[in-house]
Amino acid sequence: MNEKIKTILGDITKQNVDAIVNAANTSLLGGGGVDGAIHRAAGPELLAECRTLNGCRTGEAKITKGYKLPAKYVIHTPGPVWHGGSKNEPQLLASCYRSCLTLAVENGCKTVDFPSISTGVYHFPLEKASVIAINTIADFLKAHPEIEQVRMVCFDEKTKVHYDRAIAALEG
């Protein structure tokens, strides 16, 4: 199974895959971090399409074209803001990954790249988020062999170490 889940160090806006995931806010109208970078790289057409989607609830996902990105699609998902874990944050984060992968399957995507959802300005602890992400992805792939590869595109070594550790624990 784990050959289907990998980590790489890099810029998600430069990945040539079927779909990249945007750690969006609920407006879907752009923001900081990964969200802003994806909107800048895709061009103004992405924002124009996002305006037609009427936002997105935390834990759900919506799909758009990739426009000027190498990826064919962008799957937007608002992750949960960390409040200590008492407001369903782990369940909402898992739902983000499942919702994105469900849209990927529905749209014929075989390769999907994720950022580390909610671990930036939303302050979800990286140690917890990485385990939730990898376990949710692995469970989804068991039922959906049509997805050939899912990669966690990590922007720094610290993030990559946590996701590598979570993948290693699957083999445990």
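**Exercise 1. Decide whether H39 is buried or exposed in this predicted model, and list what surrounds H39.**

Step 1. The relative accessible area of H39 is 12%.
Step 2. Buried means under 20%, so H39 counts as buried.
Step 3. H39 sits in helix α1, which covers residues 33-42.
Step 4. Leaving out residues up to four places away in sequence, H39 touches N22, L28, L29, G30, L46, L47 and C50.

**Exercise 2. Describe the largest pocket and find which element gives the largest share of its lining.**

Step 1. The space in the largest pocket is about 450 Å³.
Step 2. Its lining has 24 residues, and those closest to the pocket centre are A23, G32, G33, V34 and D35.
Step 3. At least two lining residues come from β2, and at least two from α1.
Step 4. The largest share belongs to α1, with four residues.

**Exercise 3. Classify the aromatic pair of Y97 and F114, and state what the pair ties together.**

Step 1. The search of the whole structure gives two aromatic pairs. Y97 and F114 form one of them, with 4.8 Å from centre to centre and 40 degrees between the planes.
Step 2. Planes under 30 degrees apart count as stacked and those over 60 as edge-to-face, so the pair of Y97 and F114, at 40 degrees, is tilted.
Step 3. Y97 belongs to helix α3 (residues 89-106) and F114 to strand β5 (residues 111-114), so the pair links parts that are 17 residues apart in sequence.
Step 4. Y97 is buried, at 0% relative accessibility, and F114 is buried as well, also at 0%.
Step 5. Outside its neighbours within four places in sequence, F114 has contacts with I12, V21, Y97, C100, L101, I137, V150, R151, M152 and V153.

**Exercise 4. Work out which residues of the largest nonpolar core touch the most other members, and which element gives the most to this core.**

Step 1. The core has 37 residues, and those that touch the most other members are I75, Y97, L101, F114, I137, M152 and Y163.
Step 2. Two or more residues come from each of β2 (19-24), β4 (73-78), α3, β5, α4 (126-143), β6 (149-154) and α5 (157-171).
Step 3. The element that gives the most is α4, with nine residues.
Step 4. Another core lies apart from this one; it has 15 residues, among them V17, I38, L69 and A71.

**Exercise 5. Compare the span of α4 with the expected value, and say what its buried residues pack against.**

Step 1. From first C-alpha to last, the 18 residues of α4 reach 26 Å.
Step 2. At 1.5 Å a residue the expected span is 26 Å, and the value for α4 is close to that.
Step 3. The buried residues of α4 are L126, A129, S130, I132, A133, I134, T136, I137, A138, F140 and L141.
Step 4. These buried residues pack against β1 (5-9), α3, β5, β6 and α5.

**Exercise 6. Place P70 in the structure and give its accessibility class.**

Step 1. P70 falls in the loop between β3 (62-65) and β4.
Step 2. Its relative accessibility is 38%, so P70 counts as partly exposed.
Step 3. P70 touches T13, K14, Q15, N16 and V17 when residues up to four places away in sequence are not counted.
Step 4. The C-alpha atoms of P70 and I12 are 9.9 Å apart, while the two residues are 58 residues apart in sequence.

Note on methods. Residues numbered from 1 in each chain as written. Predicted model: local features only at pLDDT ≥ 70, side-chain atom pairs only at ≥ 80, totals over all residues. Heavy atoms only, no water. Phe/Tyr/Trp six-rings, centres within 6.5 Å; stacked < 30°, edge-to-face > 60°. Buried < 20%, exposed > 50% of the residue type's maximum accessible area, 1.4 Å probe, protein only. Core = buried A, V, L, I, M, F, W, Y, C linked by side-chain atoms within 4.5 Å. Contact = heavy atoms within 4.5 Å. Expected span 1.5 Å × (residues − 1). 1 Å grid on protein atoms, 1.4 Å probe; cavity = no way out; pocket = protein on both sides within 12 Å on 5 of 7 lines; lining within 4 Å. Points joined across faces, edges and corners; volume = space filled by probe spheres on them.
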